[in-house]
Amino acid sequence: MNFPILSSIIFIPLIGALFILVIKGEKKIVVKNSQYVAIFSSLANFFLSIFLWYSFDATTSEFQFVEEKNWIKGFVNFKLGIDGISMLFILLTTFIIPVCIFSGINSIKFKTKEFFIAILVIETLMLGVFCSLDLVVFYLFFEGGLIPMFLIIGIWGGPNRVYSAFKFFLFTLLGSVFMLIAIISIYWITGTTDVIKLLDLRIPQEFQYILWLAFFSSFAVKLPMWPFHTWLPDAHVEAPTAGSVILAAILLKMAGYGFMRFSLGLFPIASDYFTPLVFILSVIAIIYTSLVALMQDDMKKLIAYSSVAHMGFVTIGIFSLTKQGLEGSIIQMISHGLISAALFLCVGVVYDRFHSRMISSYSGLVNIMPKYAFVFMIFTLAALGLPGTSGFIGEFLILVGVFKINIFVAVMSSLGVILAAAYMLWLYKRVVFGKTSNSEVKEMTDLNKTELYIFSSLIFLIIFFGIYPEPLFNTIDSSVNNLINNYQVDLNFHLDQINN
Amino acid sequence: MEYLIVLLPLAGSIISGFFGKRLGVKTSQILTSGFVSTSAILSLFIFYEVFVNDYSSNKLIFNWISSGNFQVNWSIFIDPLTSVMLVVVSLISSIIHFYSIGYMSHDPHKPRFMAYLSLFTFAMLTLVTADNFLQLFFGWEGVGLCSYLLIGFWYKKPSANSAAMKAFIVNRVGDFGFALGIFLIFYLFGTVNYDEVFLKVPEFINKEISLLNNSPPFPFLGTAVKSIDLICLLLFIGAMGKSAQIFLHTWLPDAMEGPTPVSALIHAATMVTAGVFLVVRCSPIFEYSQLALNIVALVGMATAFFAATVALVQNDIKKIVAYSTCSQLGYMFFAAGVGAYHVAIFHLFTHAFFKALLFLGSGCVIHSFKEEQDIRSMGGIWKKIPYTYVLMVIGTLALTGFPFLSGYYSKDAIIEFAYLRGTNIGYLAATVGIFTAFLTGVYSWRLIFKTFHGKYNNKENTISSVNESPLIMLIPAGLLAIGAILAGIIFKETFIGQDHLNFWNNSILFLQSIQLKHPPMWLLILTPLIVILTIPLSYYLFVKNEKILKNFILKNKVLYNFLLNKWYFDELYNYIFVEPIKKIGLFFWKKGDINIIDHYGPNGLSRLIKIISDKAVNFQSGYLYHYAFVMLIGFSILLTYLILN
């Protein structure tokens, strides 16, 4: 590989951010120019990642486009590479970021320049997470994402932003400290932090449990799993729309990706051992947070809680270790990335106009904003997993997969599907249907051009992948097979050792 | 051609939905109606091909999901059962498209309404043409969605919104069972395609299922559950939701909040029969599960009886017809439950005509009375709206099973087949069937007499303002009336006659061959006799001498209220499900998240750190003797340690 395409994808946003940083002059011109730079660099990156997808070879499970540079001699190499699973997350990221930038143009009114810098920096860091093939590099990108997110919530957030930002920071940092210690221990045990080498090695069983728990503490907070989820509603509520979108669409997915790549890949014995724990926490998450979502009076909180429930499905699918479960989880993460982004944007639309997130502030929006009512309806249906939307494929496959492993878990989590219908439709009914009672609400305007384009592209993807998800399956197929194979081989090897 | 049948309604829906405003109302109405009618004509052609040439086909559209061995396609599958459903769905749908042009003439959102109707038709057609359980499920939820959208069509009415939501959520409860059924099918058979599943069923008859892996078979009421039984029961839960069977029926009467054409198409003729279709389609599985068949029969009987009793006392014209639908669906289920699948489909077929007719007729009545739905505010107008009157009477005659109209052939056949089955369940079903036929007669004629005969009771409109509906409404209803009269006599031989096995081919499996000997003479006469007698009886009770009934109601207030409040199902569900779930949700949020997790988690941690740092602050007091004291203690501890070592 001559052209370092992965590095380019990772660093183009950062270069864009640097450009914005040096823009000077009259305020209006600065804002305009920084918008152009942000749009240009994020869209360029999106098209580059499409090209990457085009040149990606889906028939092999090997890591592709591998780059390696010496960084700290004998300790860390800056190593990048992707397989089918990372490919989809890269696409998700490069697609969502332009969406956030467009939404920011609409709604961010002060420190615009700094806002775009933060968004572009966060793109770089998240892409780094999905591309890195070295534990230390992964850790740096993974944790680095905290800082711009902390700033986005803390600067452009709502009235209670400081508490939320700190809560977010503390929760996630606390989990990650254990992961850092675990990464250092892995280096002491095996002598390397190179992921490809580590996947071939077998980490001794006695270390696996504690290392698994350390990684788990970081991922469980980020995902988030019950009972580490309370930072998420607060963070969402205070974050600006673009922040919520990034948080829900991409940041949460880093944890799911981490579970797949590291927990399953590096510690199969421990993963097998702890599967019941994950199942129990996930089932609680699905039912508990669905019930809590039902009673929310704040739209953003409701969607945040529903995110926790949807991510509960993801962990169940991952740890079912079946082909359907794992593929379902990946599809579910991609589709939740699109759907939750869309829902937060929907809330953002009315928040920009009326500055309230309370459900009770609105009613009968369909009378004054019919286009908005239509797009919101589609996303509501996608969120409750209606067949024909991408939300259905993920959830259904996960349940098909886990049904083979544990019928009880499958039954309990299916209950979440009923509750999802209840809280989403009730939300929709209260906000969109009925009569318009509030006279100020009556003056709200329907979607403008930008918003319409953003929503149309999201609707297109959600329905397209709901009816024809083949491109997604093709991309991940061999990587998932490989993941399951390695896992089974390692586990069998371990069982043989015990029996002998 | 198959592609056109399914995709034309979708095209109509998309065009009318997105470009309706630009195309204009007229164009979108003609376009959608035209597309659906074309698809109806093509369906008739397919039906003819199947009927005459034993045509069958399975056309692949493209791959939907392929994850490991979970392989599902989008496809269009035609066999005799599908062809019958195609005709029912597309024919009734096209008639109702035309009717809607008249009925919705004062509504500002006509293109949207037509788009929803066409979308519904598309979803229903994908449901019946599926060759696998997942596409069936897609259509299944799709029709549920359209039903939701159409019930809530008048979104300014809070009651319509609640009814729409209720319909969707109650159906979701059914779909929960259905989905579990599909999981179990895939778990056992490794596929969700009909032909492969049905082929493998006999191998799995005795396989038992365990709830948790590696544990002994799951004991249910003391016995292990056979997987085939469990599959059938789970699928049937889905069917109960969609077909509004008892316990999951509560959404159907409320669904009458939607415009009347919707009630006719979705909540009478097509969507609600999807559950019956599912059971018949899965006859190759149900035939191996006597337990499930018995439960299907019992639930069907209970629903038929329950809904008929409630229909006796309702006052909303549409609610009466809705409960009647519920009750007739019960008939179809117990027909399937006693193994007479073909009769169930035959009743589904005839019912589609006469029940759609009754709804369209009710729509005309409501239209004439300017949106009045209470039959207590009607009466004495049969001369003013003679066409509507005749249509309603035809519908009622067909529904009650008056000799030689369509309902007579299908309903009596159900009772006869149940009787001929010769089992206890069969005899019970026949008894319930006959008694319910009596109730059906009473409530149907009550509707007719209260609406059209007696005194004129409406206070808001004068009798002279009551007008006949326009032709665009009467002609579609007239077409259905022809169907309601003739559908039985024409198709009786094909569907349930001597040669029915020839027609149904392999689309329905009968393990026990249906007995074709003649039922006893008294049975053949009894039902029509009862049906005919209900006419003078009702006339006497509801027109001639209303006092008897009033006294009866006064004496049996409890029973009357019990029926009037629909056996208190809504109140019960509210009490045991809705309220507790809300309370639990609130509890988890306020107590669980805020008081426990946050209190002891992040906030607790920060409190702890603050306490420690406060202590640490105290420590640095600045007094020299404090520091000297600490140094002394430290020094002595160190010294002790060194000495002891």
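These exercises treat a predicted model of two chains, A and B.

Residues are numbered from 1 along each chain as its sequence is written, and chains are lettered from A in the order in which they are written. Because the model is predicted, local features need pLDDT of at least 70 and side-chain atom pairs count only at pLDDT 80 or more, while totals for chains, interfaces and linings use all residues; side-chain values use heavy atoms, with hydrogens and water left out.

**Exercise 1. Describe the contact between chain B and chain A.**

Step 1. Count the residues on each side: chain B gives 54 and chain A gives 63. Contact means heavy atoms within 4.5 Å.

Step 2. State the area. The size of an interface is often given as the accessible area lost when the parts come together. Here about 5,200 Å² is buried, and carbon and sulfur atoms give 74% of it. Buried area is the accessible area (1.4 Å probe) lost by two parts on being put together, summed over both.

Step 3. Name the residues of chain B that lose the most area to chain A: B:Arg172, B:Phe183 and B:Trp589, together 13% of what that side buries.

**Exercise 2. Find which elements line the largest cavity.**

Step 1. Fix the term. On a 1 Å grid over the protein atoms alone, a cavity is a set of points where a 1.4 Å probe fits but cannot get out; lining residues have an atom within 4 Å of a point.

Step 2. Give the volume. The structure holds 7 cavities of 30 Å³ or more, and the largest contains about 170 Å³ of space. A volume is the space filled by probe spheres set on the points, which are joined across faces, edges and corners.

Step 3. Look at the lining. It has 15 residues, and closest to the centre are A:Phe396, A:Leu399, A:Val417, B:Phe137 and B:Ala179.

Step 4. Assign elements. Helices H17 (390–405) and H18 of chain A and helices H5 (133–151) and H6 of chain B each give two or more residues. H6(B) gives the most, with 5 residues. Helices are DSSP runs (H or I, at least four residues) and strands likewise (E, at least two), numbered from the N terminus.

Step 5. Sort by class: 9 nonpolar, 2 polar and 4 charged. Ala, Val, Leu, Ile, Met, Phe, Trp, Tyr, Cys and Pro count as nonpolar, Asp, Glu, Lys and Arg as charged, and the others, Gly among them, as polar.

**Exercise 3. Describe the lining of the second largest pocket.**

Step 1. A pocket is an open set of grid points with protein on both sides within 12 Å along at least five of seven lines. The second largest has a volume of about 1,200 Å³.

Step 2. Its lining has 32 residues; B:Ile169, B:Val170, B:Val173, B:Phe577 and B:Val578 lie nearest the centre.

Step 3. H6(B) supplies the largest share of this lining, 8 residues. By class, the lining has 22 nonpolar, 4 polar and 6 charged residues.

**Exercise 4. Locate the unusual backbone geometry.**

Step 1. Most residues other than glycine have a negative phi, and most peptide bonds are trans.

Step 2. The bond from A:Leu223 to A:Pro224 is cis, with omega near -10°. Another cis bond joins A:Trp226 and A:Pro227, with omega about 0°.

Step 3. A:Pro224 is in the loop between helix H9 (205–222) and helix H10 (231–238) of chain A, and A:Pro227 is also found between H9 and H10.

Step 4. B:Asp54, not a glycine, has a positive phi of about 55°. B:Asp54 sits in the loop between helix H2 (25–53) and strand E1 (57–67) of chain B.
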